[in-house]
Amino acid sequence: MADSTTQQRPLTGWDKPDLDLSNAQWQPGSRGLGDVQIAFVEGFIALRNSGRPQSPSLIFTPAEWGAFVSGAREGEFDLT
């Protein structure tokens, strides 16, 4: 049986830089009532789980962030 390898391809449309979030100024989301933290870094918005800050962060462009917040306000996402 031949060995097989799987190559991981970059995500299509992933045009965001690899941001250094180590010195980010994290702020509580949802007026401090939720489980998320938000940071603004180099023109992008980073979102992370405040209970597990070592976990990967989601990175949004300003347009993506606007769409996300709009969807959350309409009840599309549960941010608690």
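**Sheet**

I began with the sheet and found that 4 strands form an open sheet in the order β1-β2-β3-β4, with antiparallel pairing; I took two strands as paired if DSSP finds at least two bridges between them. I noted that β1 (27-28) and β4 (58-60) stand at the edges with a single partner strand each, so one side of each has no neighbour in the sheet. As background, strands of a sheet pair through backbone hydrogen bonds, either parallel or antiparallel.

I wrote down at once that this is a predicted model, in which local features need pLDDT of at least 70 and side-chain atom pairs count only at pLDDT 80 or more, while totals for chains, interfaces and linings use all residues. Residues are numbered from 1 along each chain as its sequence is written, and side-chain values use heavy atoms, with hydrogens and water left out.

Next I read the elements along the sequence, where the chain follows the pattern β-β-β-β-α, and I recorded 1 helix and 4 strands for the chain. Helices (H or I, at least four residues) and strands (E, at least two) are here DSSP runs, numbered from the N terminus.

**Strand pairs**

I looked up the pair β2 and β3 and found 6 bridges in the antiparallel sense, among them the one in which Val-36 has Asn-49 of β3 as its bridge partner. Ile-38 is bridged to Leu-47 in β3, and Ile-38, in β2, is also the bridge partner of Gln-27. Between β1 and β2, which run antiparallel, I recorded 2 bridges.

How much of β2 is buried? I found that 5 of its 6 residues are buried, so β2 is largely enclosed by the rest of the structure; buried means under 20% relative accessible area, exposed over 50%, and partly exposed in between (1.4 Å probe, protein chains only).

**The loop at Glu-42**

I then turned to Glu-42, which lies in the loop between β2 and β3, a hairpin with 2 residues between the strands. Its phi is positive, about 50 degrees, although Glu-42 is not a glycine. I set beside this the general remark that most residues other than glycine have a negative phi. With 62% relative accessibility, Glu-42 counts as exposed.

**Cores**

I asked which residues make up the largest nonpolar core, and the list holds 8: Leu-19, Ala-24, Trp-26, Ala-39, Val-41, Phe-44, Ala-46 and Ile-59. The elements giving two or more residues to this core are β2 (36-41) and β3 (44-49). A second, separate core has 7 residues, including Val-36, Ile-38, Leu-47 and Phe-68. By a nonpolar core I mean a set of buried Ala, Val, Leu, Ile, Met, Phe, Trp, Tyr and Cys residues joined through side-chain atoms within 4.5 Å.

From the core I picked Ile-59, which sits in strand β4 and counts as buried at 14% relative accessibility. Leaving aside its neighbours within four places in sequence, I found Ile-59 in contact (heavy atoms within 4.5 Å) with Lys-16, Leu-19, Leu-21, Phe-44, Ile-45, Ala-46 and Glu-64. The C-alpha atoms of Ile-59 and Leu-19 are separated by 8.7 Å, with their positions 40 residues apart along the chain. For Leu-19, again leaving aside neighbours within four places in sequence, the contacts are Val-41, Glu-42, Phe-44 and Ile-59.

**Helix α1**

I found Pro-62 in helix α1 (residues 62-73). Is Pro-62 buried or exposed? I recorded a relative accessible area of 53%, so Pro-62 is exposed. Beyond its neighbours within four places in sequence, Pro-62 is in contact with Gly-43 and Ile-45. Pro-62 and Phe-40 are 22 residues apart in sequence, and their C-alpha atoms are 9.9 Å apart in space.

**Whole chain, confidence and record**

Over the chain of 80 residues, I noted that 29% are buried. Of the contacts with a separation of 6 or more, 20% are between residues 24 or more positions apart.

I checked pLDDT, the predictor's confidence in each residue from 0 to 100, and found an average of 79, with 72% of the residues scoring at least 70. Over residues 1-9 the pLDDT is below 50, and this stretch has 0 contacts in the model beyond near neighbours in sequence.

Last, I consulted the UniProt record, an unreviewed entry, which lists residues 35-73 as "domain: DUF397"; UniProt positions are given in the numbering used here, feature names are shortened, and annotations may be inferred rather than shown by experiment. In the model, residues 35-73 are 31% helix and 38% strand, and the end C-alpha atoms of the span lie 16 Å apart.
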